[in-house]
Amino acid sequence: MADDHDTGYKQLFSHPEMVRDLLSGFVPYAWAKQLDVSAFERVNASYVSDNGQQRHDDMVWKLRLGDEWIYLYILLEFQARTDPWMALRMQVYVGLLCQDLVRRRELGPQGKLPPVLPIVLHHGVAAWSASTDLADLLLTPPPGLAPLQPGQRYLLIDRSRYDSASLATQANLVAALFRLEHSRNWQDIHSVVASLVAWLHEDEHASLRTSLARWIVVRLRRQLKNTKIPVSIDLPEVHAMITQEFETWADELEYNGLQKGLRQGRQEGLEQGLERGLEQGLERGLERGRQEGQLQAERARLHLLLQKRFGNLPLDIATQIAAAQRAQIEQWFDRLFDAHSLDDIFVAP
């Protein structure tokens, strides 16, 4: 099942919409914020290999920026442990990419190689700890040799370093994907899937909806081991199924999460070596979990009621609901009873 999950993750980034949102939401360059899907073109990466073995964890795209091309080398890293030699690996992969560009004569003006943006997208739970600069892996050379040493850096996008609250403020496909990975309760999953349905309702996104639906179903199967969920369904069907089975699945997921929280709390208490610390940690953790679960449930209920009354919610409204705190949610609930349109609820009087 883990292989199916990883394969589905790779499939998601074969869609230009996902790559565009990866850049716009997580790359710190101004030119990456306003890119159109039509600027992206997938490149065959089968030439990138280790000892003659084709690599399947890498994505290569080229991006038109003005009159020039920029190549994106995206390495999807699923390993639980950080690879300390990643900067060296990236140097090899980028070198092979450049070598292939020379062979195919896909060069820029004056016969020079185009720029390459190397990205490591880390999917593991633990934070990435390896250096992003090859120079940190080299011994200090004798005087005069420093300019002759190899160099390579890569841009790290580490899923574990983004919290759900900050991700919820972004109307971004990759942020939604990370939120699903971070989700600890059923209400949050329901809210994210509802947002994805609203964002991707147009026919041009049919293929991406299918890929997202399959990935979400595989994830749900891992969390709900006693439930049979069909794979061949579209994203709106996933949302409808979640809505229909909301209470049943929420109970199962909450129980699984509580068991995991208890195990983690006990482990933290043991590490501290204080029995009282264990009890206090468990109490605080459970209370925070209850409060967050209640807030997520309120968000989900509001989203569901609005959708039933007014149809699919616009992107900006779905995003506001996903990030709102309890006081704001309660205010919107109060306005809902007398509202004739969404503007009556979300536009301040």
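How much of the chain counts as buried? Of its 349 residues, 46% do. Keep in mind as you look around that this is a predicted model.

**Start with the whole chain.** Show it as a cartoon and you can pick out 13 helices and seven strands. Switch on the surface next: the accessible area comes to about 18800 Å², and 50% of that belongs to carbon and sulfur atoms. Among contacts with a separation of 6 or more, 64% link residues 24 or more positions apart.

**Now select residues 58-65.** This is strand 4, and it is mostly covered, with six of its eight residues buried. Add residues 40-43, which form strand 1; the two strands run antiparallel and are joined by four bridges. To see one pairing, click Phe-40, whose bridge partner in strand 4 is Leu-63.

**Stay on Leu-63 and bring in residues 68-77.** These make up strand 5, where Ile-70 is the bridge partner of Leu-63. Eight bridges hold strand 4 and strand 5 together in an antiparallel arrangement. Two residues lie between these strands in their hairpin, and there Gly-66 takes a positive phi near 70°.

**Finish at Glu-77.** You will find this residue in strand 5. Is Glu-77 buried or exposed? Its relative accessibility is 6%, so Glu-77 counts as buried, the cut-off being under 20%. Which residues are in contact with Glu-77, leaving aside its neighbours within four places in sequence? Select Asp-83, Met-86, Arg-89, Val-120, Leu-121, His-122, His-123, Gly-124 and Trp-128 to see them around Glu-77.

Terms used: Residues are numbered from 1 along each chain as its sequence is written. This is a predicted model: local features need pLDDT of at least 70, side-chain atom pairs count only at pLDDT 80 or more; totals for chains, interfaces and linings use all residues. Side-chain values use heavy atoms; hydrogens and water are left out. Buried means under 20% relative accessible area, exposed over 50%, partly exposed in between (1.4 Å probe, protein chains only). Contact means heavy atoms within 4.5 Å. Accessible areas come from the Shrake-Rupley method with a 1.4 Å probe; for residues, only the protein chains shown count as cover. Two strands pair if DSSP finds at least two bridges between them.
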